[in-house]
Amino acid sequence: MSRFLEKPVEYLKGVGPQRADLLKKELQIFTYKDLLFHFPFRYVDRSRIYQIGEVNSDQFFIQIKGKLSPLLEAGHKRASRLIAHLKDDTGSMELVWFKGVKWVQKTLVPGVEYIAFGKPVLFNGKYNIPHPEMEPATEVTLEKLKGMQPMYNSTEKLKSHFLDSKGLGKIIRAAILEMQPQDLPEILPSDIVSKYRFPSRFQAFRDIHMPYNERQLELAKQRIKYEELFLIQIRMLAMKHGRRKQFQGFMFEKIDGLFDTFYKTCLKFDLTNAQKRVLKEIRRDVVSGSQMNRLLQGDVGSGKTIVALMTMLMAHDNGYQAALMAPTEILAQQHLQTLTEYIGQLPLRVELLTSNVKGKQRKAVLEDLAAGHIDIIIGTHALIEETVQFRNLGCVVIDEQHRFGVAQRARLWEKNAHPPHILVMTATPIPRTLAMTLYGDLDVSVIDELPPGRKPIVTQHRYDSNRLKVFQFMKDEIAKGRQVYVVYPLIKESEKLDLKDLEDGYESITRAFPLPDYRVSIVHGKMKAEDKEAEMQRFVKGQTHIMVATTVIEVGVNVPNASIMVIENAERFGLAQLHQLRGRVGRGAEQSYCILMSSNKLTNDARARIDTMVRTNDGFEIAETDLQLRGPGDMEGTQQSGVLNLLLADIGKDANILQAARKDAEEVLQADPGLNLAQNQPLLKHLARIYKDQPDWSKIS
C-alpha cells in the first residue's frame with residue numbers, strides 16, 4: 001500500500017487529533033485509505049434548481065432559489081425555533097432551524113436571494129425544509145453547485161463536531177485533492193480494464209466522491225463494484241485450485257459393495273433425477289484423486305439424507321470410516337433413527353456420540369471408533385473433542401453447516417493426517433449469487449426437486465381478528481388425529497415490541513384447548529436441555545396435540561403426523577426462517593398447512609415476505625426474494641464467512657457484475673494459476689496484502 005493511503009487521518013487538513021479520535025471511534029476511519037473507502041450512500045443532482053411549486057413527497061432532497069423573508073423566533077425558550085420563508089414566482093416555502101439559531105441569525109440576510117438545499121418535510125399540509133444548507137445565489141455559487149453532491153453516513157457525535165454529510169464530504173475531497181495517480185495504482189489486469197473500458201483506479205475513486213454527472217458516477221461505481229467482486233472470486237478460485245493441487249483425496253474406486261446392495265435391495269423408493277445427478281457429481285469427486293469439498297443444497301424434504309448415506313457407503317466400501325456431524329442433539333438422534341431405518345439389516349455399525357453419551361457407553365464408543373469397529377459415527381460438537389479419534393476417517397458430512405464455526409469444522413478434519421472427503425449440507429436454499437460468493441471455493445450441488453407424491457404445503461395469511469377461526473381449524477385437524485405447531489418470536493413480553501409472547505400464548509392456547517381433550521407441550525431456548533428434550537419427545541411420540549415453541553424447532557424435529565404450522569407475528573420473521581419453520585410440516589402423506597398470523601399493520605417489506613410465502617413453496621425463489629429484500633449481510637450464516645465485507649457491491653442487485661467477475665477470474669487463473677505473469681503481479685501483491693491476516697480455510701470449507 002502507498003504511504004499516502006497509510007497516512008493517519010489526523011494529518012489531513014481540517015481534521016486534527018480530536019476529530020480523528022471521533023472518526024476512529026464512530027466510523028473506524030484511521031487512515032486516508034479508510035476515508036477513500038467511506039463511500040457515499042446517495043447523490044443529489046445539484047445542477048438542478050426546483051421551483052417551489054414543483055416540490056412533492058417523492059423527492060429525497062431538493063434545492064430551491066428565492067428571496068429570504070425576515071427571520072422570526074417562535075415557540076417557548078426550551079422549544080424555540082427560527083422560521084423564515086423563501087419565495088419564488090411559484091410560491092413560498094418555510095425554512096426551520098431548531099439548533100444554531102444565533103449563528104443562523106448572524107449569517108443570513110433577509111431580502112437577499114439564496115439557494116436552500118435540504119429534505120422537504122410535510123407538516124400540517126405544507127412542505128418545509130428543516131435545517132437547510134444556505135448559499136447566496138451568486139454566479140460563483142451557482143457554478144460551484146453544479147454536479148452530483150455525495151451524501152455520507154454520519155453519526156450524532158460526528159454531527160456535533162460539524163462532521164455531518166457535508167463536513168465528511170469536505171475532508172474526503174481534501175484527501176482526494178492531495179492524492180496522485182501513483183498513490184492508487186492499478187491492480188486489475190490491463191486486458192480486463194480495456195475489455196470493460198473502465199476508468200483507472202485513481203480516476204474511479206475521484207469520480208465516486210466528486211462526480212460531475214451521472215455517467216461519470218456510473219462508470220466509477222461499475223469499476224469499484226467489479227473490483228470488489230473480482231478480488232473475492234480470484235481469491236476463492238485460487239484457494240480452490242490450490243487445495244486440489246495440495247490435498248490429494250482418498251480414492252473410492254470400489255462401488256460394488258454395500259452401496260450396490262443398498263441401492264438394489266434396501267432403497268424402497270426411486271431416487272429423483274436431482275438426487276441421481278448429485279450422486280454422480282460426488283462419485284466423480286471421490287475417484288478424481290483430489291479431496292472432495294462439496295456443498296449440497298436442497299430444500300426441506302428434498303432427500304439430502306439419502307445422498308449423504310450413499311456417500312458414506314462409498315467410503316465404507318473402500319475401507320474407510322465416515323462421520324456425520326449435526327448441530328443439535330435432536331437432529332443427531334433423528335439422523336441415527338433415519339439411517340438405521342434405511343440400512344435395515346446391512347452389516348454396518350452406526351453409533352451416536354453426543355454430550356449425553358456418558359460413562360461406560362462413551363468409553364466403549366471411543367475405543368471402538370479408534371479401533372475402526374464403527375463404520376459411521378453420528379454426533380454433535382462432541383465429535384470434535386480431542387478424545388475422539390478415528391482409525392481411518394475417509395468422509396465427513398456436515399448437516400446445517402452454517403451452525404458450526406469454520407474453526408470448529410477444522411478440528412474434525414485435523415483428526416486425520418490425510419484430509420477426508422467433505423460434504424457440507426444446508427436446507428437453507430442459497431441464491432446462486434450468494435453461493436458463488438460465500439462458497440466460491442466449494443463445488444456446489446443442488447437437489448432442486450422433491451420426491452414424487454409429496455403434497456405441497458398450503459400457506460395462508462390470517463390477521464389476528466381471524467384467530468377464533470384458526471383455533472377451530474386446529475381443532476378440526478386434531479380431531480382427524482393430526483398435531484399442530486404454534487411458534488412465537490419471543491419468550492417473555494417485551495415493552496419495546498408489541499408481539500405475542502410465548503408465555504402469554506401458551507396460556508391462551510391452554511384456555512382454548514383445555515384438558516382433558518387436548519394436551520399442550522411448551523419448548524423454548526431458555527429451558528434446561530433435558531426438559532426441552534422431554535417435551536420434544538412427548539410431541540414426537542404423539543402424547544401431546546400442540547407444541548407451543550419459539551424457533552428452537554426450526555431445525556431438527558421430524559414429526560410426520562404434524563400437519564399445521566401456525567406462526568405468530570409472522571411479519572417479524574425473515575423469509576428464510578419462515579420457510580424453514582414451514583418445513584417442519586408436510587412430512588407425512590396428509591395435506592399440511594402453514595398459517596401466518598399477523599397484525600393489520602404491515603410494512604411493505606413484511607407484506608412482500610408474507611405474499612411470497614403464500615405464493616410459492618420454492619425455497620430457491622424464496623431465497624432470491626429474501627436476498628433482494630434484506631441483502632446478504634442479514635442472511636443466516638453469512639457473517640461468519642468473512643467475505644461479505646462489501647462496501648459498494650450488492651450481490652443481490654449486481655449479479656451480472658458478479659458473474660462477469662467470476663468468469664474473468666477463472667480465465668485469469670486458467671492462463672496463469674500462480675499469478676506469476678508480469679501483468680498479474682500487481683494483483684498478486686494486492687491480494688497478499690489485503691488477505692495477509694485472514695486464515696486460509698479452503699481445505700476445510
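A residue is called buried here when its relative accessible area is under 20%. Keep that cut-off in mind as we walk through this predicted model, starting with strand β12, where 5 of 5 residues are buried. The side chains of β12 split two ways: Q321, A323 and M325 point to one side, while A322 and L324 point to the other. Whichever way they face, these residues are all buried.

What surrounds β12? The strand belongs to an open sheet of 7 strands with parallel pairing, and the order runs β13-β14-β12-β15-β16-β11-β17. At the edges sit β13 (350–353) and β17 (443–447), each of which pairs on one side only. Go from one strand to the next and the twist averages 20°.

Zoom in on the two neighbours of β12 in that order. On one flank, β12 (residues 321–325) pairs with β15 (residues 393–398) in the parallel sense, over 5 bridges. Within that pairing, A322 stands opposite C395, and L324 has V397 as its bridge partner. On the other flank, 4 bridges join β12 to β14, again running parallel. L324 turns up here too, with I378 of β14 as its bridge partner. So L324 is a handy residue to centre your view on: it is buried because its relative accessible area falls under 20%, and it has a bridge partner in β15 as well as one in β14.

The sheet also has a helix packed on it. Helix α14 (residues 329–343) touches β12, β13 and β14 (376–379). The direction of α14 makes about 175° with that of β13.

Next, a pair of helices. Two packed helices are described by the angle between their axes and the distance between the axes. For α11 (residues 258–266) and α13 (residues 304–317), the axes come within 8 Å and cross at roughly 145°. On the α11 side the contact is made by L258, F259, F262 and Y263. From α13 come I306, L309, M310, L313, M314, H316 and D317. Sorted by class, that contact has 9 nonpolar residues, 1 polar and 1 charged.

In soluble globular proteins, nonpolar side chains tend to be buried together. Where does that show up in this model? The largest nonpolar core has 52 residues, and those touching the most other members are Y226, L229, F230, I234, L353 and I377. Helix α10 (residues 214–246) gives the most to this core, with 9 residues. There is also a second, separate core of 42 residues, whose members include L267, L271, A274 and L313. L313 should look familiar, as it is one of the α13 residues in the contact with α11. Back in the largest core, F230 is worth a look: leaving out residues up to four places away in sequence, F230 touches L188, P189, I192, A661, D664, A665, V668 and L683.

Last stop: helix α21 and the loop after it. Of the 8 residues in α21, 7 are buried, namely L575, A576, L578, H579, Q580, L581 and R582. The loop between α21 (575–582) and β23 (593–598) holds S592. Is S592 buried or exposed? With a relative accessible area of 3%, S592 is buried. Its side chain reaches the backbone nitrogen of G586 at 3.0 Å. Setting aside neighbours within four places in sequence, S592 is in contact with P456, I457, V458, A562, S563, V585 and G586.

Conventions: Residues are numbered from 1 along each chain as its sequence is written. This is a predicted model: local features need pLDDT of at least 70, side-chain atom pairs count only at pLDDT 80 or more; totals for chains, interfaces and linings use all residues. Side-chain values use heavy atoms; hydrogens and water are left out. Axes are lines fitted to C-alpha atoms, for helices over the stretch in contact, and angles run from 0 to 180 degrees between N-to-C directions. Contact means heavy atoms within 4.5 Å. Ala, Val, Leu, Ile, Met, Phe, Trp, Tyr, Cys and Pro count as nonpolar, Asp, Glu, Lys and Arg as charged, and the others, Gly among them, as polar. Buried means under 20% relative accessible area, exposed over 50%, partly exposed in between (1.4 Å probe, protein chains only). A polar contact is a pair of N or O atoms within 3.5 Å; within protein, one must be able to donate a hydrogen and the other to accept it, and residues adjacent in sequence count only if both atoms are side-chain atoms. A nonpolar core is a set of buried Ala, Val, Leu, Ile, Met, Phe, Trp, Tyr and Cys residues joined through side-chain atoms within 4.5 Å. Two strands pair if DSSP finds at least two bridges between them.
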